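Got the viewer open and a hand on the mouse? Let's take a walk through this chain, one selection at a time.

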Amino acid sequence: MLDREKPGTKTFTEATPLLQKAAPIVSAQECQQHIQLLRCFLGLKQTVSKTKGLFKTEYVHKNKNELDQIARQSAAEESRWSIYVSRAVHRFSVWWTRLSVASTPGPSLPHSGWTWTGDQMPPLDVLMVLHALTLNTKAFGEDCFRHQKMALWNAGFPLQLASQYIDPESLRYSCPEPCRLQFENMTKLAWDNVNDPETLPIECFRCQKQTAVPWTTRRGKGLADDGFIQVCRWCNFVLRKDALLAQKLRRDLHLLLETNIPLPGTCWSVDDGLAPNETTDEFLKQSLVDLFLEETRPTNLFPNITQIIQASTEAVGSQSLPLLHDIFKHYLYVECSSCNLYTAVMRVSKSASTLQSAHCLDFDLRSSQVESLYTKSLRDQRQGSSRRSVPRTDITDSFSLFWSTHLLSPRSYCDFFRHLGNSVPVDWDLPHEPETCSLCQTLCPPSFARRFIRGLTSLSEWKEWLSTV
Ligand SMILES: [Zn+2]
Ligand SMILES: [Zn+2]
């Protein structure tokens, strides 16, 4: 059996990685545990995808005669996994909201007085979402901050505990009974994702009553489908994605006004790291809150997030576009996190699907080399600040494995990053590309000429333009 560190003592070594020269930033053992965890997630994906009849995904593709049987089968597999992940994200949110990280002071817990205990481990699907969120360290920090869970930020991802519950041979994750009891009591959800109901109660934006909405429907209009649209059974209000987004914005505004919880996207600053930006808060309260509240009023039958973005651009002027961008990128998806959790999980699971059993066996031998390469790369960011030096997010090479394993200890990662002279840490989030960013297109629409070059202009628009020249 492996010699495992106690969670309490681990916090010490994580907090001061640079003072203890002998200790590696990330141990080879932790990298191995991380690989094992990723394999476990991969196993979950394979099992879910291959479960025939799950979420009735066969129906969705039944009528697509143009697809041959193999293509239809793989489409069904993909949509099973997609629905499963959407449900996992919801389950994670319920669990996250109710997870108590209250302090119990003790001499061995320097930061917060909270650490993971064995009976707090959630089901594998929820753990998978937590893992993806932790890799997005900026979003994770902001979520912990906004939801008063900084103790969780200090404690980091429970990698040691997770690996204790994964059988090294079968890669099956099995928790002791107290975990199940605690999770089911706390969340009122089933331990196993697939045993949760086929519908989810959604609060109507207009009448505030609950309507049971299916996760998926034959015509692809369920909550986990692209074309989500449902009607409130009480007042016939049309529930669409935009209504959910407006509702989310309104909820966040109330949090800002009533309890001073900053809006997502306003917690990190280049100078102070993770701390609410008071200037931004004041600016928002003075210039935008009234507009936002008006645009998201529940009597508005057709809330439209694009219109809200455009109206706020006009209200504050172009110098505030970066601020609006930071805020509105969190209103392109419905989850109440600073991370687009669904996308984050999908990226990790795609990246992990290329894992080979052989590639990490030689990791032990080269770990010190990887460590110096890693330190150099993060240091280079401060000097060159070229986007090229950002580590690539392919979890299967040893460099990225080292990096992503370090990200699982946010406190250590952030301290290390600041020690190197950088401020806002680089994380798993995709680099921003204005050319393909839909939000940039809304905030500052490209000129006709640029749209034409990129083929976004229709023939009639083009003719119209020609006639004016
Ligand atoms: Zn209603
Ligand atoms: Zn953008």
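Start with the whole chain on screen: of its 469 residues, 35% count as buried. Keep in mind that this is a predicted model. Colour by secondary structure and you'll be looking at 21 helices and 6 strands. One more thing about the chain as a whole: take the contacts between residues at least 6 apart in sequence, and 72% of them join residues at least 24 apart.

**Stop 1: helix 2 and helix 4**

Select residues 28–50, which are helix 2, and residues 69–98, which are helix 4. At what angle do these two pack? The angle is about 120°, and the axes are 8 Å apart. That makes helix 2 oblique to helix 4. Their crossing is right-handed.

Now show some side chains. On the helix 2 side, pick Lys 45, Val 48, Ser 49 and Lys 50; they meet Glu 77, Arg 80, Trp 81 and Tyr 84 in helix 4. Sort the residues of this contact by class and you get 4 charged, 3 nonpolar and 1 polar.

**Stop 2: helix 2 and helix 5**

Leave helix 2 selected and add helix 5, residues 124–135. Here the packing angle is about 125°, with 11 Å between the axes. So helix 2 is oblique to helix 5. Which hand does this crossing have, left or right? Helix 2 passes helix 5 in a left-handed crossing.

To see who touches whom, display Cys 40, Phe 41 and Leu 44 in helix 2, which meet Leu 124, Asp 125 and Met 128 in helix 5. By class, this contact has 5 nonpolar residues, 1 charged and no polar ones.

**Stop 3: helix 4 and helix 15**

Go back to helix 4 and add residues 341–352, which form helix 15. This pair packs at about 125°, with axes 9 Å apart. That makes helix 4 oblique to helix 15. The crossing of helix 4 and helix 15 is right-handed.

Which residues make the contact? From helix 4, show Val 85, Ser 86, Val 89 and Phe 92; from helix 15, show Leu 341, Tyr 342, Val 345 and Met 346. Colour the contact of helix 4 with helix 15 by class and you'll find 7 nonpolar residues, 1 polar and no charged ones.

**Stop 4: a hairpin**

Time for some strands. Select residues 199–203 for strand 1 and residues 210–214 for strand 2. Do they pair in the parallel or the antiparallel sense? They're antiparallel, and the pairing runs over 5 bridges.

Try clicking across the pair. From Pro 201, hop over to its bridge partner in strand 2, Ala 212. From Leu 200, look for Val 213, which stands opposite in strand 2. Then follow the chain from one strand to the other: this hairpin has 6 residues between its strands, and Gln 208 takes a positive phi near 65°.

**Stop 5: two more positive phi angles**

Why stop for a positive phi? Most residues other than glycine have a negative one. With that in mind, zoom in on Gln 148, which isn't a glycine but has a positive phi of about 50°. You'll find Gln 148 in the loop between helix 6 (137–146) and helix 7 (150–155). Is Gln 148 buried or exposed? It has 11 other C-beta atoms within 10 Å, so Gln 148 is exposed.

Next, jump to Asn 236. Its phi is positive too, at about 65°, although Asn 236 is not a glycine. This one sits in the loop between strand 3 (229–231) and strand 4 (238–240). Asn 236 is exposed, because there are 10 other C-beta atoms within 10 Å.

**Stop 6: a histidine in a helix**

For the last stop, select residues 241–259, helix 10, and pick out His 254 inside that helix. Is His 254 buried or exposed? His 254 counts as exposed because it has 12 C-beta neighbours inside 10 Å, and the cut-off for exposed is 12 or fewer.

Before you close the viewer, use the distance tool from His 254 to Leu 293. How far apart are they in sequence and in space? They're 39 residues apart in sequence, and their C-alpha atoms are 9.1 Å apart.

Methods
Residues are numbered from 1 along each chain as its sequence is written. Chains are lettered from A and ligands numbered from 1 in the order in which they are written. This is a predicted model: local features need pLDDT of at least 70, side-chain atom pairs count only at pLDDT 80 or more; totals for chains, interfaces and linings use all residues. Axes are lines fitted to C-alpha atoms, for helices over the stretch in contact, and angles run from 0 to 180 degrees between N-to-C directions. Helices (H or I, at least four residues) and strands (E, at least two) are DSSP runs, numbered from the N terminus. Angles under 35 degrees count as roughly parallel, over 145 as roughly antiparallel, 65 to 115 as roughly perpendicular and the rest as oblique. A crossing is left-handed if the near helix is turned anticlockwise from the far one by less than a right angle, and right-handed if clockwise. Two residues are in contact if their C-beta atoms, placed from the backbone, lie within 7 Å. Ala, Val, Leu, Ile, Met, Phe, Trp, Tyr, Cys and Pro count as nonpolar, Asp, Glu, Lys and Arg as charged, and the others, Gly among them, as polar. A residue is buried if 20 or more other C-beta atoms lie within 10 Å of its own, exposed if 12 or fewer, and partly exposed in between; C-beta atoms are placed from the backbone. Two strands pair if DSSP finds at least two bridges between them.
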